[in-house]
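Q: I would like to learn how to read a protein model together with its DNA. Could we go through it feature by feature?

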Amino acid sequence: MNEPILSATDTLNTASDNALPDAASCPPAAATRGFAERVVTWQRQHGRHALPWQNTHDPYRIWLSEIMLQQTQVATVMPYYARFLERFPTVADLAAAPQAVVMELWAGLGYYARARNLHACAQQVVEKWGGKFPPTAEDIQTLPGIGRSTAAAIAAFAYGERSPILDGNVKRVFARHFGIHGDPTTRAVELRMWDYAEKALPPIGPDTPDAMRSYTQGLMDLGATICKRGDPDCGVCPVRATCVALREARQHELPTARIRKAIPERSIGMLIVEHEGRVLLPRRPATGIWGGLLSLPEFDGEEPGTALATFGLPADAIVRIDRLALLSHTFTHFKLHITPWHIRSQSAGSLNTDDWLAIDALPSAALPAPVRKLIDALYGQDDLLR
DNA sequence: TACCCGTGGCA
DNA sequence: TTGCCAAGGGT
């Protein structure tokens, strides 16, 4: 890189952290000049090119990857992506599938609203758009589960549309390169970043589609492989010459860490009720935690007490009760301590027939991660196909 | 507008 | 062990 170092970044807003950003502040043109071109060139030489969802312009495959990758790391997505494509080669196949099957394939990946929206989105594409994804980011964003950034990513990769993304990678790169202080999860800071995202796009020209594909991928690659959270590899960064954080040696202060509240903890008991080769696994409501998945009956506290009768199991139906090892599971927003109870019953009591699942059907069941762990520990599924 | 919504890898 | 947060969206 022999380009002159832009001094215009000196004029950037240097308001202190968490100060209310000046709503009128907008990125100086000089701050973003040449940024995209360097990202594009770098991506083509040093970016990632062999991920399973790359080297295609098929909006279906791109969309599926973008949804799975929301708040989820690449390595985690890989096996799920392969299974989905194998089972649902086209958006029509996905739209036609029962939601329960979609949930089974998604189980373990987390954020289950994504799976419900994925299914609904496929059906809308088929019914409202004739089986083809909408032609612009604006239209794509009207579909369920697709926000502004995901719509832009799909449109850029599939159509080469000139529309900006703003994900976790981009926020980190922008915060450092443009010296943007303040918690990026707050609305005000996020709006500023969208402003930069629009201004930093590759210029309009004959090669805009190709540039947009490389640029969009390049921003993600830059964040994932160079501008990492812990120790950014500034020595080989394509935009180091204009990076505010590097110049001021503040890479570790940016992006500004958000202030986190202590997460609450909760203790519950879970019942593994077994009767005639079946286990009680009612489907959870569509909304809320683990929405749409099968799960074990649960109750507040650790001792079953009167809970069994409440669930429709009379005391004389119970052959044996075993308390299993405590299991803790941490969510983003709270920590759950689970006391599992294995209950052998000689009758189904007044329980709903539909809520029982055969033990040999457990391996493919749509179970939340900690429930999967409990079930596998008890019925010895080890870690075959999960 | 803040909060809700999973899971796993990593320092 | 604990905290952080990743190709965010919905409400």
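**Reading the DNA surfaces and the aromatic core**

A: The surface near DNA strand C is made up of seven nonpolar, 11 polar and seven charged residues. Please keep in mind that this is a predicted model.

Q: How many residues surround DNA strand C, and which are the closest?
A: A residue joins this group if one of its heavy atoms lies within 4 Å of the strand. Here 25 residues surround DNA strand C, with Trp53, Gln71, Gly145, Thr150 and Asn169 the closest.

Q: Which parts of DNA strand C lie within 4 Å of the protein, sugar or phosphate, or bases?
A: Sugar or phosphate accounts for 61% of the strand C atoms within 4 Å of the protein, and bases for the rest.

Q: What polar contacts should I look at on DNA strand C?
A: Look for N or O atoms paired within 3.5 Å. On the base side, a polar side-chain atom of Trp53 is 2.6 Å from a base nitrogen of DNA strand C. On the phosphate side, the backbone takes part: an N or O atom of the Gln71 backbone lies 2.7 Å from a phosphate oxygen of DNA strand C, and a backbone N or O atom of Gly147 lies 2.8 Å from a phosphate oxygen of that strand.

Q: Which helices each supply at least two residues of the surface near DNA strand C?
A: Those are α9 (148-159), α10 (168-177) and α12.

Q: How does the protein meet DNA strand B?
A: Take the same steps again. DNA strand B is surrounded by 21 residues, and the closest are Tyr112, Arg187, Trp290, Thr332 and His333. By class, the surface near this strand has nine nonpolar, 10 polar and two charged residues. Of the strand B atoms within 4 Å of the protein, 60% belong to sugar or phosphate and the rest to bases.

Q: Which atoms of DNA strand B do Tyr111, Tyr112 and Lys261 approach?
A: Check base and phosphate separately. For Tyr111, a polar side-chain atom lies 2.9 Å from a base oxygen of DNA strand B. The side chain of Tyr112 has an N or O atom 2.7 Å from a phosphate oxygen of DNA strand B, and a polar side-chain atom of Lys261 is 3.1 Å from a phosphate oxygen of this strand. As for the elements, β5 (327-330) and α15 (369-379) are the ones that give two or more residues to the surface near DNA strand B.

Q: How is a pair of aromatic rings described?
A: By the distance of the centres and the angle of the planes. This structure holds 12 aromatic pairs. In one of them, Phe35 and Tyr215 are edge-to-face, at 6.4 Å centre to centre with 80° between the planes. Phe35 sits in helix α2 (residues 35-46) and Tyr215 in helix α12 (residues 208-226), so the pair links distant parts of the chain, 180 residues apart. Both of these residues are buried.

Q: Why is the pair of Phe84 and Trp106 edge-to-face?
A: The planes of the two rings are at 90°, with the centres 5.8 Å apart, so the pair counts as edge-to-face; the angle needed is over 60 degrees. This pair also links distant parts of the chain, with Phe84 in helix α4 (residues 74-87) and Trp106 in helix α6 (residues 99-106), 22 residues apart. Phe84 is buried because its relative accessibility is 0%, and Trp106 is buried with a relative accessible area of 0%.

Q: Which residues form one aromatic cluster?
A: Phe35, Phe174, Phe178, Tyr196 and Tyr215 do.

Q: Where do Arg83 and Arg148 lie?
A: For a charge over a ring, read the distance to the ring centre. Arg83 is over the face of Tyr80 at 4.9 Å from the ring centre, and Arg148 is over the face of Trp194 at 3.7 Å.

Q: What does the UniProt annotation cover?
A: An unreviewed UniProt entry annotates residues 68-225 as "domain: HhH-GPD". Over that range the chain is 65% helix and 0% strand, and the end C-alpha atoms are 20 Å apart.

Q: How many helices and strands are there in chain A?
A: Chain A has 15 helices and seven strands. Of its 386 residues, 49% are buried.

Key
Residues numbered from 1 in each chain as written. Chains lettered and ligands numbered in written order. Predicted model: local features only at pLDDT ≥ 70, side-chain atom pairs only at ≥ 80, totals over all residues. Heavy atoms only, no water. Polar contact = N/O pair within 3.5 Å; in protein donor to acceptor, adjacent residues only side chain to side chain. Helix = DSSP H or I, 4+ residues; strand = E, 2+ residues; numbered from the N terminus. Nonpolar A, V, L, I, M, F, W, Y, C, P; charged D, E, K, R; others polar. Phe/Tyr/Trp six-rings, centres within 6.5 Å; stacked < 30°, edge-to-face > 60°. Buried < 20%, exposed > 50% of the residue type's maximum accessible area, 1.4 Å probe, protein only. Lys NZ or Arg CZ within 6 Å of the ring centre and 35° of its normal. UniProt positions renumbered as here; feature names shortened; annotations may be inferred.
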